[in-house]
Amino acid sequence: MPTRAIVVAGAGIGGLATALAAARAGYIVTVLERAIELEEAGAGVQLAANATRCLAFLGVLDRLRTTAVRPEAFQVIDGRSGSQLAEARMGREAQTRFGAPFLVIHRADLQAALLAAVRDEPTIDLRLGRTVEEFAVHAGIVTVLANRGGDTEEHRAHALIGADGIRSTVRDRLGGRGSPVFRHRAAWRATVATGHLPGRFNEPVVRLFLGPDAHMVSYPVRGGGAVNLVAITNDRRPSHGWGIGAGPEELAAVFGKWHGDVRALIGAPERWLRWALFDLEPLTKNWGTGPITLLGDAAHAMLPFLAQGAAQALEDACVLGVTLAEAGDDMAAALRVFEQRRIGRVTRVQTAARAADRIYHLGGPARLARDAVLRARSGAALLERYGWIYRWGP
């Protein structure tokens, strides 16, 4: 077994970023991913300054220049009347304020950039079509068993990092670390070519339309060649996976009394994909045990209402890389240091995302009060509300 070896379970955004961070800390890394190939999945991702700072730290930010879009404004709009409630200037102003750019990008383009960087790194071995099934620790060494088409592969390393998502096998095998909680909402996602929408929606602007029990977000992706749409609705179906129950007529009914702009956006895609929303209860103690830890959604899956899921996984990867670079021979101790460096922050972000869920979906007098506050607030104040998130750096 090579010295300073690590196995990462999962090749999503968090897993690939972790592989890069660990390799640059001097480790030999094996990434095990159950998918046979890394396909385009999901839709858009908002990358606030804390996320782009991480990507710069990992040497990946420059790879996004042709696919990411830097929004010039963030607008909050009453979804029923179409009137603007607040606007924050983004672009250079936000970059100056928070020290790094704000970008929007298709998730597949972000994953492709991370994947290209991983494949350029000779100390990372990415193995697709491998499902982690079991692991055991003996004398400080982790033995990981992965299923490859019915055959079992054995991998030995000094640490196992579970970056295998909200339904993490690694977390499940560790036991006692919680299960996903259905939050009775669904995210409906689609991307539309810019030529299929009114011209104003092709502008480099992030728009948030608020209404009772629902909201909608739009912003450009794919270098400005497409627009990402996300609609959030109440939902009682915990079925999980892209495309489950994604009838467009159901979505049209929910937004039938909203402003014409919203109805135009709802009617534009040929296909919507539905995703039931879950999160995890915050873990206040260690995520892992011995030379095993969790990362990203496996440790702290959160609701998407602050657009911080991918960002927090990237932060995890950077902090883990720094911690590994400092580590001595005691890997278990190093991983506990990593967890303690992260638990307080991600718990705060998880809690803030749940609060945003309530604020976004208010109705009646509470909605009117919220809108009055938004109208009175400056654009700078709108961003500064979450300045504690955006100013973070590795």
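**Helix packing and salt bridges in a predicted model**

Author: In this predicted model, a search of the whole structure finds 29 salt bridges.

Reader: What makes the pair Asp235 and Arg274 a salt bridge?

Author: The N to O separation between the side chains of Asp235 and Arg274 is 3.1 Å. The cut-off is 4 Å, and therefore the pair counts as a salt bridge. Asp235 lies in the loop between β15 and α6, whereas Arg274 belongs to strand β16, 39 residues apart.

Reader: Why is Arg274 called buried?

Author: Its relative accessible area is 0%, and buried means under 20%; Arg274 is therefore buried. Asp235, at 5%, is buried as well.

Reader: How do you know whether Asp172 and Arg173 are buried, partly exposed or exposed?

Author: Asp172 has 52% relative accessibility; because the limit for exposed is over 50%, Asp172 counts as exposed. Arg173, at 39%, falls between the limits of 20% and 50% and is therefore partly exposed. Their side chains meet in a salt bridge at 2.8 Å, N to O.

Reader: Why is α2 called oblique to α9?

Author: The two helices pack at an angle of about 40 degrees, with their axes 9 Å apart. Angles under 35 degrees count as roughly parallel, and 65 to 115 as roughly perpendicular; about 40 degrees fits neither range, so α2 is oblique to α9. The crossing is left-handed.

Reader: Which kinds of residue form the contact of α2 with α9?

Author: The contact residues divide into 8 nonpolar, 2 polar and 1 charged. Among them are Leu55 and Phe57 of α2 and Leu314 and Val322 of α9.

Note on methods
Residues numbered from 1 in each chain as written. Predicted model: local features only at pLDDT ≥ 70, side-chain atom pairs only at ≥ 80, totals over all residues. Heavy atoms only, no water. Axes fitted to C-alpha atoms, helices over the stretch in contact; angles between N-to-C directions. Helix = DSSP H or I, 4+ residues; strand = E, 2+ residues; numbered from the N terminus. Left-handed = near helix turned anticlockwise from the far one by under 90°. Contact = heavy atoms within 4.5 Å. Nonpolar A, V, L, I, M, F, W, Y, C, P; charged D, E, K, R; others polar. Buried < 20%, exposed > 50% of the residue type's maximum accessible area, 1.4 Å probe, protein only.
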